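Got the model open in your viewer? Let's walk through it stop by stop, picking out one selection at a time.

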Amino acid sequence: MSFEVDVAKRLGDVEIAVAFSSDAGVTALFGPSGSGKTSILNMIAGLLTPDRGQIAVGGETLFGDGVDLPPEARHAGYVFQDVRLFPHLKARANLLYGAARGRSGVSLDEVIDLLGLAHLLDRWPRTLSGGEAQRVAIGRALLSNPRFLLMDEPLASLDQARADEIMTMIERVRDQLKLPILYVSHNRAEVDRLATTVVAIRR
Amino acid sequence: MTLTPDDWEVIRLSLKVAIVGVVLTLPIAFGLAYALARGRFPGRILLDAIVHLPLVLPPVVTGWILLILFGRNGPIGGWLDRMFGFTLMFRWTGAALAAAVMALPLMVRAMRLSIEAVDRRLEGAARSLGANRWRTFLTITLPLSLPGVWAGLVLGFARSLGEFGATISFVSNIPGQTRTLPIAIYTALQLPDGDATVVRLALVSVTLSLGALVVSEWLVRRQGGRAHVL
């Protein structure tokens with residue numbers, strides 16, 4: 001089992017309750033916007049505390065039974081929907097920010113090659129296009145020695161050609177690095193292509 | 001126009017008082033700004049009010065309170081005297097304390113705005129990338145709030161150079177110890193032949209203040225920040 005999640009959280013008027021478990025590969029959280037998909041990723045990453053429940057990834061309990069690991073101890077490679085590159089660091093320093101956590105299954109050179117980042121390394125985040133910034137953010141997550149990946153609409157700001165390339169890259173990560181991936185999208189085609197398990201979220 | 005040796009003594013003393021006062025206040029001001037921007041603790045509103053008190057009180061009253069607390073018979077001043085034989089009274093160190101207290105609210109305000117402007121989602125990203133709270137603070141929060149730190153330093157420095165009321169009521173008007181620029185100008189104004197001194201020292205004040213603003217703009221631009229003083 002890779003993801004075993006059973007959590008509930010009340011945010012204002014909205015009650016988010018979700019339970020699923022999945023094997024290795026890509027687990028897609030599929031549902032309309034506003035259905036709490038990002039909140040679920042934040043709970044798994046440790047950035048949002050569930051009201052109750054259990055979270056385990058790869059057999060390690062991250063939350064529940066008196067355990068509540070801080071985000072830095074969860075070893076998530078989180079690709080945020082809003083990108084969140086550090087504006088005071090150049091692309092290279094952004095890529096390497098999480099590398100202090102130990103060697104990843106991929107090297108900096110591989111990530112640069114995989115994501116086409118070579119010409120972006122010395123640029124400031126504010127000078128990057130949406131797609132370029134998103135690629136740097138994916139690379140940053142991959143280089144943080146993650147045990148699993150959380151990807152929140154990682155293709156939303158990319159054109160179709162680049163989105164296809166990134167999907168190919170995600171398939172390689174899935175098949176070669178064997179990292180479990182939790183993938184949020186509202187795009188049916190992406191989900192059909194990438195997912196091994198689909199979790200449908202209703203509002 | 002040439003400056004006399006007495007003028008130079010006043011300038012050296014003023015710079016020493018302002019720089020020491022502001023540099024020692026800097027970490028305290030940042031800590032307070034951080035607590036006020038981020039903290040949720042009982043008494044936060046009271047702390048906020050106390051920090052801002054020197055901004056709204058008549059400076060003479062602030063000086064009088066310092067005298068009560070730090071005078072040789074005061075609770076803090078008496079303790080310093082007994083424990084370390086150290087006194088602030090009628091010394092430049094007392095002038096630096098008065099300058100620091102008066103500069104504190106301005107420094108805290110500038111830094112607090114800057115800390116509040118830091119996008120907390122970036123801190124969440126840093127945590128998820130393996131940085132603990134301390135590393136997140138040092139590598140994300142602190143660098144992103146630096147423009148406010150520079151702005152606070154310059155505002156505090158300029159305020160300290162101009163400090164008059166609290167200083168004169170706390171540590172009086174002692175040449176070479178507590179007679180800073182504004183107090184020297186005030187003293188010269190009382191003398192029948194002091195006009196030339198007033199003009200010289202006033203021009204020095206304008207130059208120093210302008211210089212501080214220019215340095216602050218340069219620092220902010222170099223940072224690529226948006227927290228302009230001008």
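**First stop: a glycine in a helix**

Select B:G124, which counts as buried because it has 21 C-beta neighbours inside 10 Å. You'll find B:G124 in helix α6 of chain B. Keep in mind as you look around that this is a predicted model. While B:G124 is still selected, add B:T167 and draw a C-alpha to C-alpha distance: the two are 43 residues apart in sequence and 45 Å apart in space.

**Zoom out to chain B**

Now show the whole of chain B as a cartoon. What secondary structure do you get in chain B? Helices and nothing in the way of strands: 11 of the former, zero of the latter. Following the sequence, the pattern reads α-α-α-α-α-α-α-α-α-α-α. If you box the C-alpha atoms along the principal axes, chain B takes up roughly 70 × 45 × 30 Å.

Colour chain B by burial next, and 42% of its 230 residues count as buried. Switch to contacts, keeping those between residues at least 6 apart in sequence: 72% of them join residues at least 24 apart. Colouring by confidence is worth a moment too, since chain B averages a pLDDT of 92, with 97% of the residues scoring at least 70.

**Where the chains meet**

Bring chain A back into view. Here 14 residues of chain B are in contact with 17 residues of chain A. On the chain B side, select α6 (120–128) and α7 (133–144), each of which supplies at least two of the touching residues. Which helix gives the most to this side of chain B? That would be α6(B), with seven residues. Sorted by character, the chain B side splits into eight nonpolar, four polar and two charged residues. For the complex, the predictor gives an ipTM of 0.92 and a pTM of 0.87.

**The sheet in chain A**

Hide chain B and look for the open sheet in chain A. Five strands make it up, in the order β2-β1-β4-β5-β6, with antiparallel pairing. Select β2 (14–22) and β6 (67–68) of chain A: these stand at the edges with a single partner strand each, so one side of each has no neighbour in the sheet.

Go in on the β6 edge. Two bridges join β5 (residues 60–64) of chain A to β6(A), and the two run antiparallel. Put A:G64 and A:V67 in sticks, and you'll see A:G64 standing opposite A:V67 in β6(A).

**A helix across the strands**

Next, select residues 37–45 of chain A, which is helix α1. This helix lies across β1 (3–11), β2, β4 (52–57) and β5 of chain A, at about 115° to β1(A). Is α1(A) mostly covered or mostly open? Mostly covered, with eight of its nine residues buried. To pick out the buried ones, select A:K37, A:T38, A:I40, A:L41, A:N42, A:M43, A:I44 and A:A45. Step just past the end of α1(A) and you reach A:G46, where phi is positive at about 90°.

**Into the cores**

One of those helix residues comes up again here. In the largest nonpolar core, which has 62 residues, the members touching the most others are A:I44, A:V79, A:A137, A:L150, A:I181 and A:Y183. Helix α4 (residues 130–142) of chain A contributes the largest share of this core, six residues. Centre on A:A137 and show what surrounds it: leaving out residues up to four places away in sequence, A:A137 touches A:V79, A:F80, A:V83, A:R84 and A:L85.

Then turn chain B on again, because there's a second, separate core, this one of 53 residues, and B:M107, B:V154, B:L181 and B:V220 are among them.

**Last stop: two positive phi values**

Finish with a pair of loop residues in chain A. A:N145 sits in the loop between α4 and β8 (148–152). Its phi is positive, about 55°, although A:N145 is not a glycine. With 18 C-beta neighbours inside 10 Å, A:N145 counts as partly exposed.

Move along to A:E153, in the loop between β8 and α5 (160–177) of chain A. A:E153 is another residue other than glycine with a positive phi, near 45°. Is A:E153 buried or exposed? Buried, with 20 other C-beta atoms within 10 Å.

Methods
Residues numbered from 1 in each chain as written. Chains lettered and ligands numbered in written order. Predicted model: local features only at pLDDT ≥ 70, side-chain atom pairs only at ≥ 80, totals over all residues. Helix = DSSP H or I, 4+ residues; strand = E, 2+ residues; numbered from the N terminus. Buried ≥ 20, exposed ≤ 12 C-beta atoms within 10 Å, placed from the backbone. Contact = placed C-beta atoms within 7 Å. Nonpolar A, V, L, I, M, F, W, Y, C, P; charged D, E, K, R; others polar. Pairing = 2+ DSSP bridges. Axes fitted to C-alpha atoms, helices over the stretch in contact; angles between N-to-C directions. pLDDT = per-residue confidence, 0-100. Core = buried A, V, L, I, M, F, W, Y, C linked by C-beta atoms within 7 Å.
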